[in-house]
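Here is a friendly walk through a protein model for anyone meeting it for the first time. Have the 3D view open and follow along.

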Amino acid sequence: MIEGWNIGWEDWFGNSKDYVFDFVTSYPDFDVKELHRYAAGKGIKLMMHHETSSSVRNYERHMDKAYQFMRDNGYNSVKSGYVGDIIPRGEYHYGQWMVNHYQYAVEKAAEYKIMVNAHEAVRPTGVCRTWPNLIGNESARGTEYQAFGGNHPNHVTILPFTRLIGGPMDYTPGIFEMDVEKMNPLNNSHVNSTIANQLALYVTMYSPLQMAADIIENYERFPDAFQFIKDVAVDWDESKYLEAEPGEYITIARKEKGTNNWFVGNVSGEKGYNSSISFDFLEPGKNYVATIYADAKDAHYKTNPQAYTIRKVVVNNKSHLKQWSAPAGGYAISIIEVNNPTEIKGLKKL
């Protein structure tokens, strides 16, 4: 997904312009057809980006042409954005006029068989059950707010009980470098999380559209931790909420769609948490290889956020795990069904 591909970004924000983007005209150095050809050759699909700058009338004028442009160029999903004060003036993001617009955009996209991931949109209330092409919404403080002074460490232990009740959230997890100043010397914000916590968010923050929100160079520094992001599923046949206390901790197990593999995520608040879970959700009589990505003993979201451990063990439905989660930490587990006994040779049973 590439932001800034279309003409209009030099003069888009805060200028009360009704007409900003036409959503089809790219900058001269952005070759839409060549990029699509290159991506297809790598087995990758591109995702469209439509920033409206909250000029909603303008977006609706161009919507049919924009969606047809997507179909013509191989895009089947769009991330839309509504940054700024709504135009026409007097309307607001959570007013009825905008609620109607968000619904209109989802239904119009469905006509073109396009999925929608809307940012700065109204909090969903289950509408994705009727319109499953609404694949995700932001609609709460996501990871980007970590660069605006930081989310409170307890934030991710509360959202599953509030925002996520209404539908999947595009939280954009996966940050491995917590000091924003290293990316931008003018911003001394700190990501209030450990790496293990960031991995767990792929399980605790449900979305069938996930992102790896850091830069490639930071993932290259921690390839063993990045392996979880490569392995974790994005949609599920079953979910089990193993333990939870809003504001303090939550632990969720989810079964990967179409397989017998499970993934577990735990995130803790500012105090940390001693987690204790059973694997009784696993199929009886089967063994699994569990790869546990956890906080190191001295991990802490402020002082040592990149300290983690990784270990592999054999588990079955009678196994139990006790695991410490650091302040604003957590753990993530991939649980892969064993099909060949040689896969567990030399591994300890939990």
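Let's start with one tyrosine: Tyr293 has a relative accessibility of 4%, and because buried means under 20%, Tyr293 counts as buried. Keep in mind that this is a predicted model.

**Two aromatic pairs**

What does Tyr293 pair with? Its partner is Phe228, and the two rings sit edge-to-face, 5.4 Å centre to centre with 65 degrees between the planes. This pair links distant parts of the chain: Phe228 belongs to helix α7 (residues 223–231), Tyr293 to strand β9 (residues 288–295), and they are 65 residues apart. Phe228 is buried too, at a relative accessible area of 0%.

Another pair worth a look is Trp262 with Phe281, which is tilted. Trp262 lies in strand β7 (residues 262–268), while Phe281 is in the loop between β8 (273–278) and β9, so this pair ties together parts 19 residues apart in sequence. Both partners are buried: Trp262 has a relative accessible area of 3%, and Phe281 comes in at 12%.

Here are the two pairs next to each other:

| Pair | Centre to centre | Angle between planes | Geometry |
|---|---|---|---|
| Phe228 and Tyr293 | 5.4 Å | 65 degrees | edge-to-face |
| Trp262 and Phe281 | 4.7 Å | 45 degrees | tilted |

The count for the model comes to 21 aromatic pairs. Elsewhere, Trp9, Trp12, Phe13, Phe21, Phe23, Tyr59, Tyr82 and Tyr102 form one aromatic cluster.

**Two nonpolar cores**

In soluble globular proteins, nonpolar side chains tend to be buried together. How many residues does the largest nonpolar core have here? It has 36, and Met48, Tyr67, Met70, Tyr75, Val78, Tyr82 and Ile114 are those with the most contacts inside it. The elements giving two or more residues to this core are α1 (32–41), α2 (56–72), α3 (96–111) and β3 (115–118). Of these, α2 gives the most, with 7 residues.

A second core, separate from that one, has 21 residues, and it includes Ile195, Tyr219, Phe228 and Tyr293. So the edge-to-face pair we began with, Phe228 and Tyr293, turns up again in this second core.

Tyr82 deserves a closer look, since it belongs to the aromatic cluster and is also listed for the largest core. Leaving out residues up to four places away in sequence, Tyr82 touches a whole list of residues, among them Glu51, Val56, Tyr59, His93, Met98, Tyr102 and His119.

**The largest pocket**

Now for the open space. The largest pocket has a volume of about 1200 Å³. Its lining is made of 45 residues, and Thr172, Ile175, Ala212, Ala213 and Asp214 lie nearest its centre. β1 (48–51), β2 (77–81), α6 (216–221) and α7 are the elements that give two or more residues to that lining. What kinds of residues line the pocket? They divide into 24 nonpolar, 10 polar and 11 charged.

Zoom in on Ala212, which you'll find in the loop between α5 (195–204) and α6. Is Ala212 buried or partly exposed? At 40% relative accessibility, it counts as partly exposed. Ala212 touches Pro173, Tyr202, Tyr219 and Ile229, again not counting residues up to four places away in sequence. For a sense of scale, the C-alpha atoms of Ala212 and Gln96 are separated by 33 Å, with their positions 116 residues apart along the chain.

Helix α5 is mostly covered, with 10 of its 10 residues buried; Ile195 and Tyr202 are among them.

Technical notes
Residues numbered from 1 in each chain as written. Predicted model: local features only at pLDDT ≥ 70, side-chain atom pairs only at ≥ 80, totals over all residues. Heavy atoms only, no water. Core = buried A, V, L, I, M, F, W, Y, C linked by side-chain atoms within 4.5 Å. Buried < 20%, exposed > 50% of the residue type's maximum accessible area, 1.4 Å probe, protein only. Helix = DSSP H or I, 4+ residues; strand = E, 2+ residues; numbered from the N terminus. Contact = heavy atoms within 4.5 Å. Phe/Tyr/Trp six-rings, centres within 6.5 Å; stacked < 30°, edge-to-face > 60°. 1 Å grid on protein atoms, 1.4 Å probe; cavity = no way out; pocket = protein on both sides within 12 Å on 5 of 7 lines; lining within 4 Å. Points joined across faces, edges and corners; volume = space filled by probe spheres on them. Nonpolar A, V, L, I, M, F, W, Y, C, P; charged D, E, K, R; others polar.
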